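Student: Got a minute to walk through this one with me? I'd like to start with the aromatics.
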Amino acid sequence: MKNYLSGENIEWSFIPPRSPNFGGLWEAGVKAFKYHFKRILGQAMLTFEEMTTVTAMIESCLNSRPLCPLSSDPNDLSPLTPGHFLIGDVLTAIPQPDILDSKVSTLKRWHRVEFMLQQFWSRWSKEYLSILQSRTKWKKEEENLQLGQLVLLKEEHLPPLKWPLGRIIDVHPGPDGSVRVATIKTSAGIYKRSISRICLLPIENFT
């Protein structure tokens, strides 16, 4: 394996032993999973099969998050996700009705599992998008949005594994030259959004 990786110019970079604080983004993902999982599970009593199912469904949520564009083609809205490293393609899910407003006591066993998944998705996806926006504040001077960038849009009531992506096709700077509004082309149409509703992909935040 060492010879193969060397031939492909692949280098591994390891963090020090027992130093999870060096993990950065992936350790933050583990922390977020534990935090929300404990709260959606609560005092619920699940069978082994139900626990395995809800954990696998949550895993698919985490591994569906967009990391960076797959190409520089302005018409390509496909992102690279952790799922690509697992199955070679984007992760998908069968659409299910929204049951977040339903009473848990009236739900059947399967619907309770789906209810937990939707709860996790609602909590975690909002937190994840907020983290993407806050990371740019680490810089002293924020960079303006650029034409052709692949971005995430903040939308409410989206089903699990649904990430609204689009390419910036126009920017609208203010009198001070800072871009606060952008026009974005998505698979569903063209929309104008303020930067408070736009998130850069995590890899692009460091470029």
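Tutor: Sure. Keep in mind that this is a predicted model. Start with F33, F37, F120, W121, W124, Y128 and W163, which form one aromatic cluster.

Student: OK, and how many aromatic pairs does the structure hold?

Tutor: There are 8 aromatic pairs in the structure. One of them is F120 with W124, and that pair is stacked.

Student: What are the numbers for F120 and W124, centre to centre and between the planes?

Tutor: The ring centres of F120 and W124 are 6.2 Å apart, with 15° between the planes. The pair counts as stacked because planes under 30 degrees apart fall in that class.

Student: Where do F120 and W124 sit relative to each other in the helix?

Tutor: Both belong to helix α5, which covers residues 109-135. They are 4 residues apart there, so about one helical turn separates F120 from W124.

Student: Is F120 buried or exposed? And what about W124, buried or exposed?

Tutor: F120 is buried, at 0% relative accessibility. W124 is buried too, with a relative accessible area of 3%.

Student: Switching topic: which ring does the charged end of R39 sit over?

Tutor: That would be the ring of Y35. The charged end of R39 is 3.7 Å from the centre of that ring.

Student: Now the outside. Which residues form a nonpolar patch on the surface?

Tutor: I10, W12 and F14 make up that patch. Together they have about 420 Å² of accessible area.

Student: Where does I10 lie?

Tutor: I10 is in the loop that runs between α1 (2-7) and α2 (25-41). Its relative accessible area is 41%, so I10 counts as partly exposed.

Student: Last thing, backbone oddities. What is the phi of R18?

Tutor: R18 has a positive phi, about 55°, even though it is not a glycine. You'll find R18 in the loop between α1 and α2. With 87% relative accessibility, R18 is exposed.

Student: And what about the phi of H157?

Tutor: H157 isn't a glycine either, and its phi is positive at about 60°. This residue sits in the loop between β3 (150-153) and β4 (165-173).

Student: So is H157 buried or exposed?

Tutor: H157 is exposed, and its relative accessible area is 76%.

Key. Residues numbered from 1 in each chain as written. Predicted model: local features only at pLDDT ≥ 70, side-chain atom pairs only at ≥ 80, totals over all residues. Heavy atoms only, no water. Phe/Tyr/Trp six-rings, centres within 6.5 Å; stacked < 30°, edge-to-face > 60°. Helix = DSSP H or I, 4+ residues; strand = E, 2+ residues; numbered from the N terminus. Buried < 20%, exposed > 50% of the residue type's maximum accessible area, 1.4 Å probe, protein only. Lys NZ or Arg CZ within 6 Å of the ring centre and 35° of its normal. Patch = residues over 30% accessible without salt bridge, like charges linked within 9 Å, V, L, I, M, F, W, Y side chains within 5 Å. Areas by Shrake-Rupley, 256 points an atom, 1.4 Å probe, with all protein chains shown as cover. Salt bridge = Lys/Arg side-chain N within 4 Å of Asp/Glu carboxyl O.
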